[in-house]
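This report is written for a reader who is meeting the structure for the first time. Please keep the sequence and the model in view while reading.

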Amino acid sequence: MQRIHAFNSKEIMQITRRHFAIGTAASVIAPAWAQNYPSKPITVVVGYGAGGGVDVVMRNMAPGLGQRLGQSVVVENRPGASGILAASHVAKSAADGHTLFGTDGGALTLNGALFSKLPYDPAADFALVSMVIRAPILIVAHPEAPFSDLRGLVSQAKREQGGIAYASPGSGTYHQLSMELLKRRAGFEARAVQYKGAGPAVQDVISGQVPIGAIDSIVAMQQILGGKLKALVVLAPKRIAQLPNVPTAAEAGVEGVEASPWVGVAAPRGTPANIVSRLSSAIREVVTSPEISKRFIDLGMEPFATTPEQFSSFVKQEIARWHPLIRELNIRLD
């Protein structure tokens, strides 16, 4: 029979002291590591092409973030596959805070319901750092389109065989899902023309190649204000201040169609908590600075920097909201 040693109180005290000493040493090492971070340029990987919403947000934020961290911050575009390529790359990168993920809600909230199998785990493979902005989706049209509001769009779509074509920044994005929800609630047909990002999608609406598009305010705002697009409706709880004459879907008679894509920053799983905390603090400083805050607001965005804990809570809420809807709409991408 194996004999089990019973520790006496003196031995327990010695073990406790040794563990305390080890823990204290670790706590001393961690701040030293944080002080040495970053030791080289930081790359923010974006899952969409140049000119898209996430790209615009990250490129506006990068200079200020670099100034606060003391290293240059470079934006790298890896478009395609609904953000999966970029997400997989970051998930497999070194967890040292030098490779970050500039993400929208697709990679972290929607893809888990849209795909039966992913090369990364949205819930487990990332350390959430901070949200940056939220931006409502607008249904926009070419200025010469024969309709100027949602009612006119619905009437036109019903006259076209197979429904009206619309530009979508990608399969399974908030943009596509919001349009699928809108057409179901408003009772018309529309077929998606998919693009790799909002940048090329909006250009084809401007050129008249596609009559309408579901485009976030980050990309659409300046084109609307410049007269290159006309906004039919905003899918938000309230009107956008820069577009006071554009009604919400609810005001146009269609309830329950609200979609605000968001942009945030995540790091690979296992990134030390002190690095995540430093990154989060620096991002909040940039986003709340008068210059960047005004720039984001002028583009129709809502600055929305958070702590890592707040970001995590928000993502859980988004999953609870959108996953049942994706199942209701019966949308799968594999």
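The sections below treat two sheets, the helices beside them and a few chosen residues.

## Basis of the report

The structure described here is a predicted model.

## The six-stranded sheet

One open sheet is formed by six strands, in the order E2-E1-E3-E10-E4-E11, and its pairing is mixed. Strand E2 (73–77) and strand E11 (302–303) occupy the edges; each has a single partner strand, so one side of each has no neighbour in the sheet.

At the E11 edge, strand E4 (residues 126–134) and E11 run antiparallel and are joined by two bridges. Arg 134 stands opposite Glu 302, a residue of E11.

## Helix H9 across the sheet

Helix H9 (residues 273–288) is made up of 16 residues. From its first C-alpha to its last it reaches 22 Å, close to the 22 Å expected at 1.5 Å a residue. H9 lies across strand E3 (99–104), E4, strand E10 (262–268) and E11, and runs at about 5° to E4.

Which residues of H9 are buried? They are Ile 275, Val 276, Leu 279, Ser 280, Ala 282, Ile 283, Val 286 and Val 287. Viewed down the axis of H9, these buried residues fall within an arc of 165°, so they line one face of the helix. Ala 273 and Thr 288, on the other side of H9, are exposed.

## The meeting of H9 and H10

The axes of H9 and H10 come within 5 Å and cross at roughly 65°. H9 is therefore roughly perpendicular to H10. In the contact between these helices, Val 286, Val 287 and Thr 288 of H9 meet Pro 290, Ile 292 and Ser 293 of H10.

Ser 293 belongs to helix H10, which spans residues 290–298. Is Ser 293 buried or exposed? Its relative accessibility is 17%, so Ser 293 counts as buried, the cut-off being under 20% relative accessible area. When neighbours within four places in sequence are left aside, Ser 293 is in contact with Val 287, Thr 288 and Pro 303.

## The five-stranded sheet

A further open sheet has five strands in the order E7-E6-E8-E5-E9, with mixed pairing. Its edges are strand E7 (190–194) and strand E9 (230–235); each has a single partner strand, so one side of each is left without a neighbour in the sheet. From one strand to the next, the twist averages 30°.

Within this sheet, strand E6 (residues 164–168) pairs with strand E8 (residues 212–216) in the parallel sense, over two bridges. Tyr 166 has Ile 212 in E8 as its bridge partner. Helix H8 (residues 217–225) lies across strand E5 (137–141), E8 and E9, and runs at about 115° to E8.

## Ala 231 in the edge strand E9

Ala 231 is placed in strand E9. With a relative accessible area of 15%, Ala 231 is buried. Which residues does Ala 231 touch, not counting those up to four places away in sequence? The contacts of Ala 231 are Leu 138, Ile 139, Val 140, Ser 148, Ile 224 and Val 246.

Ala 231 and Gly 213 are 18 residues apart along the chain, and 9.7 Å separates their C-alpha atoms.

Definitions and conventions: Residues are numbered from 1 along each chain as its sequence is written. This is a predicted model: local features need pLDDT of at least 70, side-chain atom pairs count only at pLDDT 80 or more; totals for chains, interfaces and linings use all residues. Side-chain values use heavy atoms; hydrogens and water are left out. Helices (H or I, at least four residues) and strands (E, at least two) are DSSP runs, numbered from the N terminus. The expected span of a helix is 1.5 Å times one less than its number of residues. Buried means under 20% relative accessible area, exposed over 50%, partly exposed in between (1.4 Å probe, protein chains only). The arc is that of the directions from the helix axis to the C-beta atoms. Contact means heavy atoms within 4.5 Å. Two strands pair if DSSP finds at least two bridges between them. Axes are lines fitted to C-alpha atoms, for helices over the stretch in contact, and angles run from 0 to 180 degrees between N-to-C directions. Angles under 35 degrees count as roughly parallel, over 145 as roughly antiparallel, 65 to 115 as roughly perpendicular and the rest as oblique.
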